[in-house]
Protein chains: 2
Amino acid sequence: MEKIQPRSLYLEVADRVRDLIEQGALLPGEKIAEKELCERFGVSRTPLREALKVLTSEGLVENLPNRGSRVVRLTREGVQNTYDVMGALEGLSGELACNSISDAEIAAIRRLHQRMLGHYQRKELKPYFQVNQRIHEAILAASRNEVLSEMYNNLSQRVKRIRYSVEMGEDNWAQAVADHEAMLEALEARDGPKLGTILRKHLRHKLEVAAVSGIIDD
Amino acid sequence: MEKIQPRSLYLEVADRVRDLIEQGALLPGEKIAEKELCERFGVSRTPLREALKVLTSEGLVENLPNRGSRVVRLTREGVQNTYDVMGALEGLSGELACNSISDAEIAAIRRLHQRMLGHYQRKELKPYFQVNQRIHEAILAASRNEVLSEMYNNLSQRVKRIRYSVEMGEDNWAQAVADHEAMLEALEARDGPKLGTILRKHLRHKLEVAAVSGIIDD
DNA sequence: TGAATGAATTTTGAATTCATAATACCAAAA
DNA sequence: TTTTGGTATTATGAATTCAAAATTCATTCA
């Protein structure tokens, strides 16, 4: 028997608006028309406005008093800052994961890794990123730290709307794959500090990739 | 000429409620009576409820559908998790700070450090913690990363309501002071990786201290 | 005595209303 | 043509209202 989960309307609305931002249906800098979204979702302004305030405190939306809400613009500096923090959090997740990860979890990550290698060899960018993200999520889950997951997911959400270019440099990509190879080794050896170090460095290359995308404003 | 800052009512209310929680006027696990707070602040339920939703997404309050809001309880595990993440963030702040901190900023931190040593020698616990926090804030500011500051301040807020016991172990305290001494050296040498390592380890001892306080629930 | 039932009350969630601030529009003057 | 001033329109912020859910409390029955 499954437990029924009563969810507040404003949370539902927040999810929907978050999706719109992630999908690019609401663009950075764009003004959010309350009336239009209310009609679209079939709710009144109250829950929508509550949702927008949540998204504001999540850093996805900004609230100009008496002038409504807009989607925050990504600047190069902001993205760099975000990646730096994500790197630190990933580093911690690696260290912690080694303390308590099960053999089964490691095996699952190894399988994901092999799939990712396949996508790399066939130059399938999008599937590559999807599997890549699942690996990082698996390590995060193994760190058994809810606060860490919450923070990481928040930051991750902020930069998710960056669309990585297919032009991703061959050498960057090769480096990323090499990083992942080293990660797996450290994880299988349950060497927390080493895994942490690799992960902290791993995100450094992402920004160069992001820069070629059109979404960042400067 | 100073820029005028129009602030929304809900943000003002959020600040006030945040203070109430930090000061212990609203206790962990306590139900938040909307009506009472509205009367206290002289506002209607709309901005109060918006504020509560912001505090929920900040992790200070929880929202049970149709049953209102309560102040979240601190568990030992939750506090440990929070400190772990704060340690990682402080580590990053140290690394970054060394890249761009000015001589004047280092000198200011050195002065704070000397003041802190005085409080330590005279066993003035509360002033010690206050100066201590200002040192960490100064390093954070020197890291020039807004995202990092935002994340750190959020986590810091969550554990601020822990009242540290005067019974803080002499050896823990001595260790903390020794950590700070090493921090200053690394900072003055602008050795980012070293400062990062020290800071990442520095928070480990805090939990033992927190545990003796009454606020944590388990 | 105490558990169960059901009405009365309170509280919450969400829509609506109302006041005010911002914006758009248009005419007149430089 | 480009400003300036003023009005109309719209959007936003916050209070109020209304419906639904939870809670309280009295009453019944085992």
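This is a short chat about how the protein meets DNA strand D and about the sheet in chain A.

User: Before we start, what kind of model is this?
Analyst: It's a predicted model, where local features need pLDDT of at least 70, side-chain atom pairs count only at pLDDT 80 or more, and totals for chains, interfaces and linings use all residues. Residues are numbered from 1 along each chain as its sequence is written, chains are lettered from A and ligands numbered from 1 in the order in which they are written, and side-chain values use heavy atoms, with hydrogens and water left out.

User: OK, which residues come nearest to DNA strand D?
Analyst: K31(A), R45(A), R49(A), S44(B) and T46(B), out of 15 residues around the strand (near means a heavy atom within 4 Å).

User: And how much of the DNA side is sugar and phosphate?
Analyst: Of the strand D atoms that come within 4 Å of the protein, 69% belong to sugar and phosphate.

User: What does K31(A) touch there?
Analyst: A side-chain N or O atom of K31(A) is 2.7 Å from a phosphate oxygen of DNA strand D, a polar contact (N or O atoms within 3.5 Å).

User: Where does R45(A) reach?
Analyst: A polar side-chain atom of R45(A) sits 2.9 Å from a base nitrogen of DNA strand D.

User: Switching topic: how are the strands of chain A ordered?
Analyst: The order is β1-β3-β2, in an open antiparallel sheet of 3 strands (strands are DSSP E runs of at least two residues, and pairing takes at least two bridges).

User: Which residue stands opposite K31(A)?
Analyst: R70(A), in β3(A).

How values were computed
A polar contact is a pair of N or O atoms within 3.5 Å; within protein, one must be able to donate a hydrogen and the other to accept it, and residues adjacent in sequence count only if both atoms are side-chain atoms. Helices (H or I, at least four residues) and strands (E, at least two) are DSSP runs, numbered from the N terminus.
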